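Reader: I am new to this structure and would like to understand the terms used to describe it. Please show me the model, and let us then go through the reasons for each term.

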Amino acid sequence: MKSKKMLILAIAGTVIFSFGMNVFIVPLGLYSGGFVGVGQLIRTFLVSLLKLNVGNVDIAGIVYYIINIPLFILAYKKLGKSFFWNSIICVTSMMLSMTLIQSPTQPIVTDTLTSALIGGMICGAGTALTLINGGSGGGQDILGMYLTGIKPDFSVGKMGILINILVFGCCALIYDLPIVIYSLIYSVIYSIATDKLHSQNINTQVLIFTHQEEAVVSFIHGMRHSATLWEGKGAYTKKDVSIVFTVVSKYEANLLKKKLEQVEPNAFAIFGDNVSVLGNYEKHLLPK
């Protein structure tokens, strides 16, 4: 049941992304970064330069799906079968959403900067929702997830920015500079929103004062993390207490809070976000 719910939420994230793209970005002639931007560029080349007649259908999503095929192979080999199948389902959903959600003939928001900001936040939220629930919008998401797993200080958003440099460099040679600038603004906001909402990218230090040390440590080990143990004594009660210290992602911290509520509702715990970690710490991006 849990996996089905997560898959539904992951698919919903792709629909949210497609909505933000087709409603706020495409009507103003702006371009996305990453592989979606590559798909848009190829779409423009086929329709405008080669005069390919596709009617009113936007084939950017279809092109995007095709160029994702090699990345599906990477996901299968390096990120696991579950992530591989979720990626195929999510990218298929994105392709259908981008194709079926019609862009308005007139921009809903006429101010280009405002539209780029709104579109970036909506698309970033959609991508983050997909990633949090174990799915992937494909493209730089798969590459970002793979590189983040082997390089802890990396992130999906950073992966998008790197690819954007290449994409918008090509756009600068083809289109007017304002289009490139506003498209770049959209992509930066999209990347920031993705990283801020994608809670697996946020390291959280946890300090737990507990009388259920074994249960707490066992749960932490189950998340494939270790912990440091200290012996403490309450200043007021003078009773012995175990102190457990660990670092997990913000997503995992929420799971740990729920576990504490179950095993020891009166446990005292301190959670601190956005800590810098040096050493043998493994970032886990794929929820179980």
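Reader: Why is serine 18 called buried?

Author: This is a predicted model, and in it serine 18 has a relative accessible area of 0%. Buried means under 20%, so serine 18 is buried.

Reader: Where is serine 18 found, and with which residues is serine 18 in contact, leaving aside its neighbours within four places in sequence?

Author: Serine 18 belongs to helix 1, which covers residues 2-25. Once neighbours within four places in sequence are set aside, the contacts of serine 18 are Met94, Ser97, Met98 and Ile101. Each counts as a contact because heavy atoms lie within 4.5 Å.

Reader: How many helices and strands does the chain have, and what share of its residues is buried?

Author: The chain has 11 helices and four strands. Of its 288 residues, 45% are buried. Among the contacts with a separation of 6 or more, 77% are between residues 24 or more positions apart. The accessible surface comes to about 14900 Å², and carbon and sulfur atoms hold 64% of that surface.

Reader: What makes strand 1 and strand 3 a pair?

Author: Two strands pair if there are at least two bridges between them. Strand 1 (residues 203-210) and strand 3 have eight bridges, in the antiparallel sense, so by that cut-off they pair. One of the bridge partnerships joins isoleucine 208 to valine 244 in strand 3.

Reader: How do you know that strand 2 and strand 3 pair?

Author: The same cut-off of at least two bridges applies. Strand 2 (residues 228-233) and strand 3 share six bridges, again antiparallel, so they pair as well. Glutamate 231 has serine 242 of strand 3 as its bridge partner. The hairpin of these two strands has six residues between the strands, and in this hairpin lysine 238 takes a positive phi near 65°.

Reader: Why is strand 3 described as mostly covered?

Author: Strand 3 spans residues 240-249, and eight of its 10 residues are buried. Valine 247 is found in strand 3. Its relative accessible area is 17%, which is under 20%, so valine 247 is buried. The C-alpha atoms of valine 247 and threonine 204 are 5.6 Å apart in space, although the two residues are 43 residues apart in sequence.

Reader: What makes the pair of tryptophan 230 and phenylalanine 245 stacked, whereas phenylalanine 209 and phenylalanine 268 are called tilted?

Author: The structure holds eight aromatic pairs. For phenylalanine 209 and phenylalanine 268, the distance is 5.6 Å centre to centre and the angle between the planes is 50°. Centres within 6.5 Å make a pair, and an angle that is neither under 30 degrees nor over 60 counts as tilted, so this pair is tilted. Phenylalanine 209 lies in strand 1 and phenylalanine 268 in strand 4 (residues 268-273), so the pair ties together parts that are 59 residues apart in sequence. In the pair of tryptophan 230 and phenylalanine 245, the ring centres are 6.3 Å apart and the planes are at 25°, so that pair is stacked. Tryptophan 230 lies in strand 2 and phenylalanine 245 in strand 3, so this pair ties together parts that are 15 residues apart in sequence.

Reader: Why are tryptophan 230 and phenylalanine 245 called partly exposed?

Author: Partly exposed lies between buried, under 20%, and exposed, over 50%. Tryptophan 230 has a relative accessible area of 44% and phenylalanine 245 one of 27%, so both are partly exposed. Phenylalanine 209, with 25%, is partly exposed too.

Reader: Which residues make the nonpolar surface patch, and which helix gives the largest share?

Author: Leu113, Leu117, Met121 and Tyr182 make a nonpolar patch of about 320 Å². Helix 6 (residues 112-132) gives the largest share, three residues. Tyrosine 182 is in helix 9 (residues 177-197).

Reader: How do you know that methionine 223 is buried?

Author: Methionine 223 has a relative accessible area of 9%, which is under 20%, so methionine 223 is buried. Methionine 223 lies in the loop between helix 10 (213-222) and strand 2.

Methods:
Residues numbered from 1 in each chain as written. Predicted model: local features only at pLDDT ≥ 70, side-chain atom pairs only at ≥ 80, totals over all residues. Heavy atoms only, no water. Patch = residues over 30% accessible without salt bridge, like charges linked within 9 Å, V, L, I, M, F, W, Y side chains within 5 Å. Areas by Shrake-Rupley, 256 points an atom, 1.4 Å probe, with all protein chains shown as cover. Salt bridge = Lys/Arg side-chain N within 4 Å of Asp/Glu carboxyl O. Buried < 20%, exposed > 50% of the residue type's maximum accessible area, 1.4 Å probe, protein only. Phe/Tyr/Trp six-rings, centres within 6.5 Å; stacked < 30°, edge-to-face > 60°.
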